[in-house]
Amino acid sequence: MSLLRIKDATDPATWGPSLDAAVEALGRGDLVVLPTDTVYGIAADAFDPAAVQALLDAKGRGRQMPPPVLMPDLRTLDGLATAVPDAARALAEAFWPGGLTLIVRAQPSLAWDLGETHGTVALRVPDHPVALELLRRTGPLAVSSANRTGKPAGTDVREAYRQLGARVPVFLDGGEAPGGVSSTIVDATGDVLRVVREGALSLEELRAVAPVEGPAPAPGAVAPEGATGEATPTGTATADAATTGIPTTDPATPPTEPPGGPVSTTKPSAARPSRAPSDDPADDAPQPGGEPGR
């Protein structure tokens, strides 16, 4: 495999070959690092259990911390989720694309295995041109923050490479992540909407759209570690950066492929069932009865 794994994706006029390489990698079950509006994310085909497991292994985390799913647009919500509360839908309409991750009940008919989700999934539509263009070509992707668990989430491609290195064959370089802060996670699986991690959106911003409760104190729970810390809710899907980690020995200085490199042949993405395909990067969230994610 070529060592030139960093692909330039800073200019829509020239990023075609880079996105081709990413689509091809995801189609064969490999991982891809991509920029989002919050932090860089590591992505896998959400409908390929082996690829999702490879994502978890790359981050150094277990199945009890399932990744969220990024979608190309709001219309995908009902294909992936069921019984979405009206208030949660109002938040999605107001803040997608953007820094909001919703934990909802997953469509039971979906043929995916994201980990120990307890029937839930964390969903987001990112507000980043590279991420959205890739998602339009691949459909929904399982995406977690591009870092080893316990390390800060990468806000540029070289930091993501330093942490994940040889575990990922394609890194899309979209420049510095504009947000640098993980998404805000709202659990919409209970009787009330509740924030389980504050991030890009404040509780006040959310409440301007729908009634949302603040984080519930959980005896013995680990508090979120700042803007890039992982959420630690009382149970549901997973979120951007992790709190317990495994050190990494990835190379710190990656070679870079110049813009306009060779065009990879893309494999047509498999048709997703209308009932659902499979978020930011980027954002993991917690599942009811499960443990938190990034």
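Phenylalanine 171 makes a handy starting point: with a relative accessibility of 0%, it counts as buried, a label that goes to residues under 20% relative accessible area, while exposed means over 50% and partly exposed covers what is in between (1.4 Å probe, protein chains only). The model is a predicted one, so local features need pLDDT of at least 70 and side-chain atom pairs count only at pLDDT 80 or more, whereas totals for chains, interfaces and linings use all residues. Residues are numbered from 1 along each chain as its sequence is written, and side-chain values use heavy atoms, with hydrogens and water left out.

Phenylalanine 171 also has an aromatic partner. Rings of Phe, Tyr and Trp (for Trp, the six-membered ring) pair if their centres lie within 6.5 Å; planes under 30 degrees apart are called stacked, over 60 edge-to-face, and the rest tilted. By this rule, there are two aromatic pairs. In one of them, phenylalanine 47 and tryptophan 112 have ring centres 5.6 Å apart and planes at 25 degrees, so this pair is stacked. Phenylalanine 47 sits in the loop between E3 and H2, and tryptophan 112 in the loop between strand E6 (100-106) and strand E7 (120-124), so the pair ties together parts that are 65 residues apart in sequence. Helices (H or I, at least four residues) and strands (E, at least two) are DSSP runs, numbered from the N terminus. Both phenylalanine 47 and tryptophan 112 are buried. For tyrosine 161 and phenylalanine 171, the ring centres are 5.1 Å apart and the planes meet at 50 degrees, so that pair is tilted. It links distant parts of the chain, with tyrosine 161 in helix H6 and phenylalanine 171 in strand E9, ten residues apart.

That leads on to helix H6. Tyrosine 161 is buried, at 4% relative accessible area, and its C-alpha atom is separated by 8.5 Å from that of alanine 146, 15 residues apart along the chain. The buried residues of H6 (residues 157-164) are Val157, Ala160, Tyr161, Gln163 and Leu164. They cover an arc of only 170 degrees around the axis, which puts them on the same side of H6; the arc is that of the directions from the helix axis to the C-beta atoms. What covers these buried residues includes strand E1 (6-8), strand E2 (32-34), strand E3 (41-45), helix H2 (49-59) and strand E9 (170-173).

Glutamine 163 is buried too, with a relative accessible area of 0%. Its side chain reaches the backbone oxygen of proline 152 at 2.9 Å. Such a polar contact is a pair of N or O atoms within 3.5 Å; within protein, one must be able to donate a hydrogen and the other to accept it, and residues adjacent in sequence count only if both atoms are side-chain atoms. Aspartate 156 caps the N-terminal end of H6, with a side-chain oxygen 3.1 Å from the backbone nitrogen of arginine 158. Just after H6 comes glycine 165, which takes a positive phi of about 35 degrees.

Strand E3, one of the elements covering H6, is itself mostly covered, as five of its five residues are buried. Gly41, Ala43 and Asp45 lie on one side and Ile42 and Ala44 on the other, and both faces are covered. Two strands pair if DSSP finds at least two bridges between them. E2 and E3 pair in the antiparallel sense over three bridges, and they form a hairpin with six residues in between. Valine 33 stands opposite isoleucine 42 in this pairing. E3 also pairs with strand E8 (residues 141-145), again in the antiparallel sense, over five bridges, where alanine 43 stands opposite valine 143.

Then there is helix H4 (residues 86-95), home to alanine 92. Alanine 92 is buried, with a relative accessible area of 0%, and touches Leu74, Leu100 and Leu102, not counting residues up to four places away in sequence; contact here means heavy atoms within 4.5 Å.

The backbone has a few oddities as well. Most residues other than glycine have a negative phi, and most peptide bonds are trans. Tryptophan 96 and proline 97, however, are joined by a cis peptide bond, with omega about -5 degrees, and proline 97 lies in the loop between H4 and E6. Alanine 83 has a positive phi of about 55 degrees and is exposed, at 66% relative accessible area. Histidine 118 likewise has a positive phi, near 55 degrees, and at 42% relative accessibility counts as partly exposed.
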